[in-house]
Amino acid sequence: MAQIGRFDHVTRLPNRLQFIERFADLAHPHRPTMLVLVTLAEAKHYNEILRALGMAFADDFVRAGASMLASLLPPDAAIFHVSVLSIATAIPVDYPAQAPTLATIIAAAFAGAIEVNAIPIKTKVGVGLLPLDSTQGAAESLRAALVAAQDSRRIDSGYTFYDHSSDAAHLRAFRILADLPAALAAPDQLTLHYQPRITMSSGACHAVEALLRWTHPELGPISPAEFVPLAEQTALITPLTDWVMTTALQQNRLFRDLGYDLRVSINASPVNLSEAGFDDVLLHRLEALELEPQHVELEFTEGTLATNSQRTVQQLTRLRRAGVTVALDDFGSGYSNLSYLSRIPADVLKIDQSFVRPLIDASHDDFLLRQIIAMANGLGFRVCAEGIETAYAYDHLRSLGVEEGQGFHMARPMPADLLQQWLEARPHT
Ligand code: C2E
Ligand code: MG
Ligand code: MG
């Protein structure tokens with residue numbers, strides 16, 4: 001009875017509980033020991049196996065992987081099944097930083113396929129190494145070895161040691177996500193800055209882009225380029241975009257009451273538009289603030305739109321019919337699926353900064369830029385260039401027929417009060 005819950009039910013190997021119990025003994029300070037953690041497949045691949053071949057087969061796969069690993073180890077080696085896909089063993093080494101020969105043997109053995117019920121399954125194992133240190137604790141040792149196993153997939157040798165800096169990046173990502181709900185609730189951590197968007201022919205400003213800023217109480221300023229993609233992987237992107245939408249629309253109301261006729265651009269994640277009711281919420285918010293749909297624009301990045309759902313297209317179509325402008329952001333970066341360009345309901349194409357920032361003088365080759373502009377015009381999009389940093393770029397883009405632009409040359413993103421001063425200082429156009 002005491003054995004129940006101490007062995008993995010699939011492989012019958014000692015489980016994580018036993019690893020934890022035996023940890024002090026394994027990590028004996030007078031005997032350098034290497035924790036070797038083998039992850040049999042990436043979670044995504046494992047899910048594909050589950051989906052295509054079923055749960056019993058997935059169990060067979062794990063059993064086959066575990067017994068293949070066991071066959072490579074000395075008969076008396078301690079072996080533990082520590083999570084669904086991870087098997088750990090602890091082996092003696094001569095000195096703590098020594099990569100055991102076994103790591104090479106394991107990586108080579110798994111480089112082929114794992115034979116499961118006579119079907120060779122190609123898998124990408126991870127082999128993580130961690131010199132055991134009794135002061136680190138069992139759970140933390142397993143976590144660190146798992147980090148190494150995941151990192152090893154990008155390394156040719158097929159195995160790697162735990163690397164603190166790579167781990168620190170992951171821990172920071174986790175911290176950022178964990179602290180985002182508090183930031184959304186706090187009165188002063190999140191703010192919006194507004195970058196003027198300029199009509200190239202006249203120099204007039206009729207629109208601004210809302211850009212999110214986060215000052216974390218301990219980590220300081222965090223770039224949206226860092227935290228937005230993380231939030232996009234979680235349900236937090238919904239309240240985050242909602243916060244941006246509410247704040248940007250309220251600000252637009254204030255600007256209008258001051259007599260400034262501005263359209264505000266909001267960066268939305270495609271995740272937002274694939275969720276039912278996004279269109280209703282936006283239209284409702286506009287109405288509640290007595291704003292017109294013409295007073296707002298939605299920006300999306302093209303790469304993610306390429307995977308658009310039917311609902312995304314439906315909601316964009318409805319919003320556009322109501323009068324909301326839709327812009328395709330960062331065009332030309334990432335992968336450009338040209339076929340959807342003709343199908344996507346959008347008005348504006350924002351050319352990625354990577355085509356614009358190199359425009360310093362006439363020596364720059366602008367072949368691609370010209371083709372993008374010609375194609376955008378041909379498809380009926382209005383073209384906006386991002387990242388205009390020099391007078392040369394401004395003049396050149398204008399001469400190429402680019403209608404609108406943003407960039408440090410004209411104005412940086414700024415808080416609402418500074419934007420107001422900036423607008424006041426300009427001749428009314
Ligand atoms: P984006 O939407 O393409 O925004 C333009 C970015 O380029 C902004 O960076 C802006 O500050 C910067 N920029 C503008 N002009 C220049 C220039 O002349 N030179 C240079 N070097 N940079 C320029 P930022 O504010 O750091 O935002 C980065 C990205 O984060 C945005 O790229 C957008 O994808 C995302 N983001 C920002 N705010 C939000 C938001 O509220 N929601 C969502 N979903 N994403 C946001
Ligand atoms: Mg944008
Ligand atoms: Mg952009």
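Where is asparagine 117 found? Asparagine 117 is found in the loop between strand E4 (113-116) and strand E5 (119-122); helices (H or I, at least four residues) and strands (E, at least two) are DSSP runs, numbered from the N terminus.

The structure is a predicted model, in which local features need pLDDT of at least 70, side-chain atom pairs count only at pLDDT 80 or more, and totals for chains, interfaces and linings use all residues. Residues are numbered from 1 along each chain as its sequence is written, chains are lettered from A and ligands numbered from 1 in the order in which they are written, and side-chain values use heavy atoms, with hydrogens and water left out.

## The hairpin of E4 and E5

Strands E4 and E5 pair in the antiparallel sense over 4 bridges; two strands pair if DSSP finds at least two bridges between them. Within this pair, alanine 113 stands opposite lysine 122 in E5. The two strands form a hairpin with 2 residues between them. Most residues other than glycine have a negative phi. Asparagine 117, however, has a positive phi of about 50 degrees although it is not a glycine. Alanine 118 is also placed in the loop between E4 and E5, and its phi is positive as well, near 70 degrees. Alanine 118 counts as exposed because its relative accessibility is 63%; buried means under 20% relative accessible area, exposed over 50%, and partly exposed in between (1.4 Å probe, protein chains only).

## The open sheet and its helices

Strands of a sheet pair through backbone hydrogen bonds, either parallel or antiparallel. In this model, an open sheet of 5 strands has the order E2-E3-E1-E6-E7, with mixed pairing. Its edge strands are E2 (78-83) and E7 (159-161), each of which pairs on one side only. From one strand to the next, the twist averages 25 degrees; axes are lines fitted to C-alpha atoms, for helices over the stretch in contact, and angles run from 0 to 180 degrees between N-to-C directions.

Strand E1 (residues 33-39) and strand E3 (residues 86-92) run antiparallel and are joined by 7 bridges. One of the facing pairs is threonine 33 with proline 92 in E3. Helix H3 (residues 55-72) packs on the sheet and touches E1, E2 and E3, where contact means heavy atoms within 4.5 Å. The direction of H3 makes about 155 degrees with that of E2. Helix H4 (residues 101-111) also packs on the sheet, touching E1, E3, strand E6 (126-131) and E7, and its direction makes about 145 degrees with that of E7.

## The nonpolar cores

In soluble globular proteins, nonpolar side chains tend to be buried together. A nonpolar core is a set of buried Ala, Val, Leu, Ile, Met, Phe, Trp, Tyr and Cys residues joined through side-chain atoms within 4.5 Å. The largest such core has 74 residues, of which Leu240, Leu249, Leu298, Ile351, Ile388 and Leu397 touch the most other members. Its largest share, 7 residues, comes from helix H8 (residues 237-257). A second, separate core of 35 residues includes Met34, Ile87, Ile91 and Val116.

## Buried residues of H8 and histidine 295

Valine 244 has its place in helix H8, and glutamine 251 lies in H8 too. Histidine 295 is found in the loop between helix H10 (278-288) and strand E12 (296-301). The contacts in the table leave aside residues up to four places away in sequence.

| Residue | Relative accessible area | Contacts |
|---|---|---|
| Valine 244 | 7%, buried | Leu192, Leu212 and Ile266 |
| Glutamine 251 | 17%, buried | Tyr194 and Ala416 |
| Histidine 295 | 13%, buried | Asn252, Arg256, Leu262, Arg263 and Val264 |

The side chain of histidine 295 also makes a polar contact with the side chain of arginine 256 (3.2 Å). A polar contact is a pair of N or O atoms within 3.5 Å; within protein, one must be able to donate a hydrogen and the other to accept it, and residues adjacent in sequence count only if both atoms are side-chain atoms.

## The surroundings of ligand 1

Ligand 1 is surrounded by 22 residues, the closest being Arg213, Asp329, Gln353, Glu389 and Phe408; a residue is near a molecule if one of its heavy atoms lies within 4 Å of it. An oxygen atom of ligand 1 is 2.8 Å from an N or O atom in the side chain of aspartate 329. For the side chain of glutamate 386, the distance from an N or O atom to an oxygen atom of the ligand is 3.3 Å. A nitrogen atom of ligand 1 lies 3.1 Å from a backbone N or O atom of leucine 212.
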